[in-house]
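Let's take a walk through this structure together. Keep the sequence and the 3D view open as you read.

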Amino acid sequence: MEYYIDNIDVAIIGAGHAGVEASLASARLGCKTTLFTISNDAVANMPCNPSIGGTGKGQLVFEIDALGGEMGRAADKVTLQDRMLNLSKGPAVHSKRVQADRRYYQDLMKKTIEHTDNLTLVQAEIVDIQVASDNSGNRLWKVITMLDGYYYAKAVVICTGTYLDSRIIIGEYMKSSGPDGMHAAIGLTESLKKLGVKIMRFKTGTPPRIDERSVNLEVLDKQDGDPVTPYSSDTSEEDLDNRPKMPCYIAYTNLETHKIIKDNINRSPLYSGQIEGIGPRYCPSIEDKVVRFSDKERHQLFLEPMGKGSNELYLQGFSSSMPADVQIRMLHSLKGFENAVVMRSAYAIEYDCSDPTQLKASLEFKDIPGLFGAGQFNGTSGYEEAAAQGIIAGINAAQYVKGLEPLTLTRNSSYIGTLIDDLVTKGTNEPYRMMTSRSEFRLILRQDNADSRLSELGHKVGLLSEERYQKYLKKQETIKNEKERLKTTVISPSETINKILESVNEPPITTGVHLADLLKRPTITYDLLEEVDTYRPKLPKSIILTVQTDIKYEGYIKKQLQDAERFDKLEKKLLPSDIDYMSIKGISIEASQKLTKFRPVSIGAASRISGVSPADITVLLIYLDSKTPEKHLKDQK
């Protein structure tokens, strides 16, 4: 017997990283929000690696924080080790990554949710969502729990992660299950199909967890962290520096490991056909790596802590769906792991997700008003990609409820914009992973300047608090003043400065030189000039990094900003929503079909659809120019 529970503004289904950010954003924007989860103990769970950030992913975390999100702030508080990836390359691809205390992170996020106004956390499996209406005929969603209770909501955000009709696979063993032994979400997939949502089947997996006491750490390569700036503007650099640090370790597979895998490859569900879902290309299982890269004698592995006070270690790079007995033999073949004890076996997990090309850039379904998707439900992989979509979906669900225009981010404004644009214009045939190489504007989308790109938007929409916004404005003023000081301060020739230049193989100076010009030299850093820069102010590392990068790469940045302006022009050339592409002469049949299917909002979006050529774009531009000014103006509105 169905029974009524409550009327709410926004229902968030799933309390993983997408659901957490979506619910916090919606509630903080004043909407009565309910966050549904299969288990309250699985809020913000990290079923895979206990880390936050990484190449391209670190940029997402900085951007989430700049908009007013929570992930960076929590990550700073639970950091066990900081690393800056790609330091041997340019600043455009520098990416922060932290080892996180897994349980502490969950505890922090759960407490944050429980103490946020307008937000209620409810342990309930949602099995059905239906279109309904109130007494005035306004569209509503009826959200039904497994126990037949129902809520009425004005908007719904699906953040189901890897739970939708999911099953875990370990060799010949298969079981309907969510990650970490949680039960799968059964029934919701069919409900979504009835609404017209196109469903795909993806797969991911995790490595085994090892008891630290059973590993000979002394024979492994120890890896300590780097001094890195915090993710969040709410975290002081001193607080981050004072956090307890834990090392990671590097291990390697060997020929014996590879032989065990090859001898048992017939038992791998990846190769026996038991696994139907498509797995992530950039995070393959160890058996997949051994088969695909058969010429390699070893593969690098990372042994990472799961939390302070916990003996569980995570063996990054050793994901597998091999039978448990084979996993143990594989593990014992590794140097240092001869007596290793497995606390949790590795497993693969298959799950249902949606085709993201059904979504607008706001993450609302094109043909289903008030229904939004975020996270792995949209075909992505990773906590950071999920959280980034979650904050946008949560903001836009609130905007929808309030009758306001959605917030959409573009490729030239952010990695979040790049991520969403890739999903909605190109789709994905495998779990999508963010990387710096996916952005054509990565020099101006650095992690150190995320606040200068997105804080204004976060404040405008109402998510970034006034206190944090004032802190942002003060930081920007400091950066501006320091850049100006460096451009106007002259250093005269001296023995001191020329010794500094000689130490890094730079030619000496014979006339006065501005500090900014010295800083533009390839091997000169801001810190290196401290001895001759007598009047420099004491500044945080985060500000120094931005000042140094802006000055050192000034010419390249200007060029990329010009590219971004040209990109903007194409984005602002809007396409009518009712355009009949099949009737436009000169467009290829493939392009007509793709444009009809994806219905891009602009010429820029159309140009990024696979199968739409530059010639097709030219025809579209001519078509737009041939329209009467009145009709064209109407479309722009």
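Is Asp211 buried or exposed? What you are looking at is a predicted model, and in it Asp211 has a relative accessibility of 9%. Asp211 therefore counts as buried, since the cut-off for that class is under 20%. Its salt-bridge partner is Arg213, with 2.8 Å from N to O. Arg213, by contrast, is exposed, at a relative accessible area of 66%.

Now compare that pair with another one. Arg608 and Glu571 also meet through their side chains in a salt bridge, again 2.8 Å from N to O. Arg608 sits in the loop between helix 20 (603–607) and helix 21 (614–626), while Glu571 belongs to helix 18 (residues 554–571), so this contact ties together parts that are 37 residues apart in sequence. Here both partners are buried.

A third pair stays within one helix. Lys193 and Glu190 form a salt bridge whose closest N and O atoms are 3.6 Å apart. The two are 3 residues apart in helix 5 (residues 188–195), which means about one helical turn separates them. Lys193 is partly exposed at 42% relative accessibility, and Glu190 is partly exposed as well, at 46%.

These pairs belong to a wider set: the whole structure holds 53 salt bridges. Some are linked into a network that takes in Arg28, Asp65, Glu70, Arg73, Asp234, Arg468 and Lys471.

Let's turn to the sheets. One is an open sheet of 3 strands in the order 3-5-4, with antiparallel pairing. Strand 3 (51–53) and strand 4 (79–85) each have a single partner strand, so they stand at the edges with one side lacking a neighbour in the sheet. On average, neighbouring strands here are turned by 20° against each other, direction ignored. Strand 3 pairs with strand 5 (residues 95–100) over 3 bridges, and Gly53 has Arg97 of strand 5 as its bridge partner.

Another open sheet has 4 strands, ordered 11-10-19-12 and paired antiparallel. Its edges are strand 11 (173–176) and strand 12 (199–206); each has a single partner strand, so one side of each is left without a neighbour in the sheet. Strand 10 (residues 167–170) and strand 11 are joined by 4 bridges, with Ile168 opposite Lys175 of strand 11.

Finally, have a look at the surface. Tyr3, Ile5, Met146 and Leu147 make up a nonpolar patch there, together offering about 400 Å² of accessible area. Ile5 lies in strand 1 (residues 3–13) and is partly exposed, at 33% relative accessible area.

Key. Residues numbered from 1 in each chain as written. Predicted model: local features only at pLDDT ≥ 70, side-chain atom pairs only at ≥ 80, totals over all residues. Heavy atoms only, no water. Patch = residues over 30% accessible without salt bridge, like charges linked within 9 Å, V, L, I, M, F, W, Y side chains within 5 Å. Areas by Shrake-Rupley, 256 points an atom, 1.4 Å probe, with all protein chains shown as cover. Salt bridge = Lys/Arg side-chain N within 4 Å of Asp/Glu carboxyl O. Buried < 20%, exposed > 50% of the residue type's maximum accessible area, 1.4 Å probe, protein only. Pairing = 2+ DSSP bridges. Axes fitted to C-alpha atoms, helices over the stretch in contact; angles between N-to-C directions.
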